[in-house]
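Work through the exercises below with the sequence and the 3D view open. Try each task before you read its solution.

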Amino acid sequence: MVPREVIYKGLLRQSLHEKNIQPSAKHDSFIVLNVYFLTSLSHSTVEYDKASWELTVQVDQRDGDEGMKFKLRVLGNLHVGGLMLKLVEKIKAPQDWSDHALWWQQRKCWLLKTHWTLDKYGVQADADLRYTPQHKPLCIQLPNMKMAKLTVSYSAVVFKTVAEICRALNIRRPEELSLLKLPDDPSKKKKKKDKNPVLEDIIDMDKTSGGSGTPMYSKTMVPTYNPENGAPATATSMWFGDNLLTSSQPNLPPAELAKMYQPLSLVDKAIINGGWLDSSHSLMEQDIGDDDRLQLRFKYHSFYDLNPKYDSVRITQLYEQARWAILLEEIDCTEEEMIMFASLQYHICKLTMSTEPLNTSDEPEIDEVEAALSNLEVTLEGAHTDRILEDITDIPKLADSLKLFRPKRLTLRSYKEYWFVFKDTTISYYKNKESASGEPIEQLHLRGCEVVPDVNVTDKKFGIKLLLPVADGMNEVYIRCDNEAQYAKWKAACTLASKGKTMAYSSYRSEVKKIQSFLQMKSMAPPSGQAAPDLDAMDMNPECFVSPRYTKKYKTKQLTSRILEAHQNISGLSLTEAKMRFIQAWQSLPDFGIKYYIVRFRGSKKDELLGISYNRLIRIDMSTGLPVTTWRFANMKQWNVNWEIRQVTIEFDQSVAIAFSCVSCDCKVVHEYIGGYIFLSTRSKDQNETLDEELFHKLTGGQE
C-alpha cells in the first residue's frame with residue numbers, strides 16, 4: 001500500500017508541473033511543508049472520527065408541540081454550554097431557549113453547570129438527554145383544599161421552589177411550608193379526596209398574578225420593623241391590595257364531607273408523612289412530572305411572628321389547614337373541643353358571608369417617618385423595665401391544695417388530697433400544709449415531661465396529666481384542680497417547666513391568659529345577662545361544622561343548640577380574631593404538630609412509632625399508641641446519620657443516646673424534620689425576613 005506522504009508529494013509535484021514550474025530545492029521544502037500539513041490534517045480527522053461519538057438529545061417544546069430528537073457528534077471534552085449551543089444551531093427554530101436546560105433521565109439530574117465537560121458529568125453515548133424548560137406548570141392543593149396551578153422551577157431545589165410558590169401566594173415565612181406527595185397506593189381510602197368536586201375548580205395563579213413568581217399585589221412602600229420586638233410597624237392592609245386567598249372557604253355539605261372522611265391509624269399517618277419531598281433536591285429529581293398533584297402544607301408547626309397586620313393569607317391558610325385537620329379527625333380532640341371548634345367555624349362563616357364589607361384592620365394610618373422616629377426613640381431609650389425578666393434569685397412559686405392520683409393495674413381512679421408546692425421546675429407534695437416545712441412525700445421533676453390537659457369544662461373537671469420520663473419509660477401522674485383559675489396557673493407552670501423554664505419567665509402570664517381564654521371558649525354557659533340562643537337563628541347546617549362521626553351521634557337540633565350556646569362566648573370576635581383563636585385552640589391540643597414515623601430502634605426486635613414535634617421526639621408503642629419516652633430538642637447535643645446503613649443516631653444530655661433506622665420512609669425524611677426544627681429555633685426578631693438558606697441545607701442536607 002502506497003503511503004499518504006508519497007501520494008501527497010506526487011500530487012503537489014504534478015500541480016507544479018501543470019503550472020510550468022520546474023521543481024527546485026526551494027520548491028522541495030514547500031512540498032515537504034505542505035505534505036506535513038495535509039498528513040497532520042488527515043490524521044486529526046481520523047482521530048476525531050475515532051474519539052467522537054454520537055449523542056441523542058430529545059428537545060421538549062414549551063407550547064405542547066411534539067418533541068424533536070437530534071443526533072450530535074461530540075467529544076468528551078465538550079462542555080455542556082457548547083453542547084447546548086450546537087443543539088440550538090441544529091434546531092434552527094426562532095424562539096427563546098434561555099429557560100431550557102439539559103436533563104439526564106437515567107441519572108435523574110440536571111446538567112446545570114455549563115462549564116463542566118461531558119466527561120466530568122460522565123455523559124456517554126448511551127445517555128438519554130432531554131433539552132427541556134426548567135419552569136413548568138405545577139398543580140398544588142392549597143391548605144384550604146383548593147387546587148391552584150402556577151409555573152414553578154423544576155430544576156431548583158424544593159426549598160427554593162416552595163419559597164417561589166409562597167412569594168406568588170403572598171405567604172410569609174416559607175420555611176414553615178413544604179410539598180407533600182400522597183402515596184400512590186389505590187387501596188388507600190385517602191384518595192377519595194380526588195373525587196371531591198371542590199378540587200376540580202383550579203385557580204390559575206399565573207393569570208391571577210400576572211406571571212410566574214409575581215405576587216398578586218405589589219409593595220408600594222418599604223415596611224418598617226419595631227426594633228424592640230422585630231414586628232412589622234405598619235399594617236399590610238395599608239399597602240397590599242385585596243387577595244382571594246384571604247377569604248375562608250364555605251363549609252362542605254355533610255354528604256361531601258362524609259366522602260372525604262376516613263379515620264386514620266397512627267400507621268396510616270406514618271405512611272402519609274413519608275411523602276414529604278426532599279428540600280435539597282429538585283422536583284424532577286424526585287420524579288415529579290407535569291401531571292402530578294402535590295399538597296402545599298405547613299410542615300413545621302412552629303409559626304414564627306404570626307402577625308395579623310402582615311399575614312392575612314398566612315393566617316387564613318393556617319386556619320384552613322387546622323379546620324380540615326379537625327373535621328377529618330387527623331388530630332384527636334374531645335367532644336367539648338369539637339363543639340368549640342364548630343362554634344368558631346360558624347362565627348367565621350357568618351362573618352365571611354356577611355353582605356357588609358369586612359373591616360380587615362382597625363389600625364390607623366401611620367406615617368413612615370413618624371414610625372421610624374418612634375422606633376429610634378425606643379432603641380435609644382431601651383425597653384420598658386416592666387418587661388424585663390424578674391430577678392432570677394426571686395423565682396415565684398405556687399402552693400395549693402390539689403388532688404393526686406397514680407394509676408395502678410386493676411384499681412379504680414381515686415384521687416387523694418395533698419398540699420402541693422411548685423418551685424423552679426419541680427412539684428413537691430406533702431400530707432398537709434403544716435408539714436410543708438419538712439421533707440415532701442415525693443418530688444416530681446417536670447423537665448422533659450409531657451403535659452396533657454384532662455379537662456371537661458361542662459362537668460367542672462380540671463385535670464392535668466403528667467407523663468414523667470424515667471429510665472424504662474414514662475410514669476403517669478394525674479393532678480386535679482378545683483377551678484378554672486387554679487388550673488390555668490398550674491397548667492401554665494407545668495408547661496413551662498417541661499421546657500426547662502420557671503414561672504419567672506416572661507411568657508408565664510401570657511400562657512395563663514391563653515389557657516383561661518381557651519377554657520372560656522369551651523364553656524357552654526352563656527355570659528351573664530345574655531338570653532338563651534334562638535335555635536331558628538342558625539341559618540346554616542350545623543353538621544357542616546363537625547366531624548361526620550358526630551352527625552351520627554347527635555340530631556341536627558342537638559348540634560344546633562350546643563354550637564349556638566358555645567357561640568355566645570365568642571360572638572364579639574372580629575374575623576381575624578376568630579381565626580387566630582381557632583389556630584391557638586388547635587395549638588393547645590395534646591397531639592398538635594406531632595408527625596409519626598415507623599422506626600426500628602437499635603437493639604429492639606419490633607417496629608415502633610417515632611413522633612416528631614416542634615420541641616421533642618416521642619417514642620410510642622405501636623400497639624397501644626401510648627408514649628414510652630420523650631426526648632426534648634433543648635437537651636440534644638448532636639445527631640448524625642450513617643448513610644451506609646441508613647441509621648439516625650442522636651445524643652442527649654446526661655449520656656443518653658438513641659439510634660434507629662426508618663421503616664416507613666427513607667431516613668433522610670426524618671433527618672430533615674429534626675434538622676428543620678433545629679433551624680427554625682435559630683430564627684430571631686432582628687433577622688426580619690432574612691433566611692439563612694445555607695444553614696438550612698447544612699442542618700437538613702444528606703450525604704451530598
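**Exercise 1: A residue and its core**

Task: find which residues leucine 179 is in contact with, leaving aside its neighbours within four places in sequence.

Solution. The model is predicted. Set the contact cut-off to heavy atoms within 4.5 Å. Start with the partners that come before leucine 179: Ile140, Val158, Val162 and Ile165 are among them. Then go on to Gly275, Trp276, Leu277, Leu283, Leu294, Gln295 and Leu296, which are also in contact with leucine 179.

Next, place leucine 179 in its core. The largest nonpolar core has 71 residues. Leu179 is one of those with the most contacts inside this core, along with Ile140, Leu283, Leu296 and Trp586. Which helix gives the most to this core? Helix 10, residues 335-352, with nine residues. A second, separate core has 36 residues, including Tyr597, Phe652, Cys665 and Leu680.

**Exercise 2: Order of a sheet**

Task: work out the strand order of the open sheet formed by five strands, and name its edge strands.

Solution. Trace the order as 8-10-6-7-9. The pairing is mixed. Now look at the ends. Strand 8 (177-180) and strand 9 (202-204) are the edge strands, and each pairs on one side only. Neighbouring strands are turned by 40 degrees against each other on average, direction ignored.

Check one pair. Strand 7, residues 147-153, runs parallel to strand 9, and three bridges join them. Within this pairing, alanine 148 stands opposite isoleucine 203.

**Exercise 3: Cysteines**

Task: decide how many disulfides the whole structure holds, then examine cysteine 494.

Solution. The search finds zero disulfides. The cut-off is sulfur atoms within 2.5 Å. For cysteine 494, the nearest cysteine sulfur belongs to cysteine 449, 6.8 Å away. Cysteine 494 is therefore in no disulfide, because a disulfide needs sulfur atoms within 2.5 Å.

Is cysteine 494 buried or exposed? Its relative accessible area is 1%, so cysteine 494 is buried. Cysteine 139 is buried too, at 13%. Both calls rest on the cut-off for buried, under 20% relative accessible area.

**Exercise 4: A hairpin**

Task: describe how strand 15 pairs with strand 16.

Solution. Count the bridges: seven join strand 15 to strand 16 (residues 461-470). The two strands run antiparallel. Proline 453 faces isoleucine 464 across the pair, standing opposite this residue of strand 16. Four residues lie between the strands of the hairpin, where lysine 460 takes a positive phi near 55 degrees. Finally, check burial: strand 15 (residues 450-456) is mostly covered, with five of its seven residues buried.

Note on methods: Residues are numbered from 1 along each chain as its sequence is written. This is a predicted model: local features need pLDDT of at least 70, side-chain atom pairs count only at pLDDT 80 or more; totals for chains, interfaces and linings use all residues. Side-chain values use heavy atoms; hydrogens and water are left out. Two strands pair if DSSP finds at least two bridges between them. Axes are lines fitted to C-alpha atoms, for helices over the stretch in contact, and angles run from 0 to 180 degrees between N-to-C directions. A nonpolar core is a set of buried Ala, Val, Leu, Ile, Met, Phe, Trp, Tyr and Cys residues joined through side-chain atoms within 4.5 Å. Buried means under 20% relative accessible area, exposed over 50%, partly exposed in between (1.4 Å probe, protein chains only).
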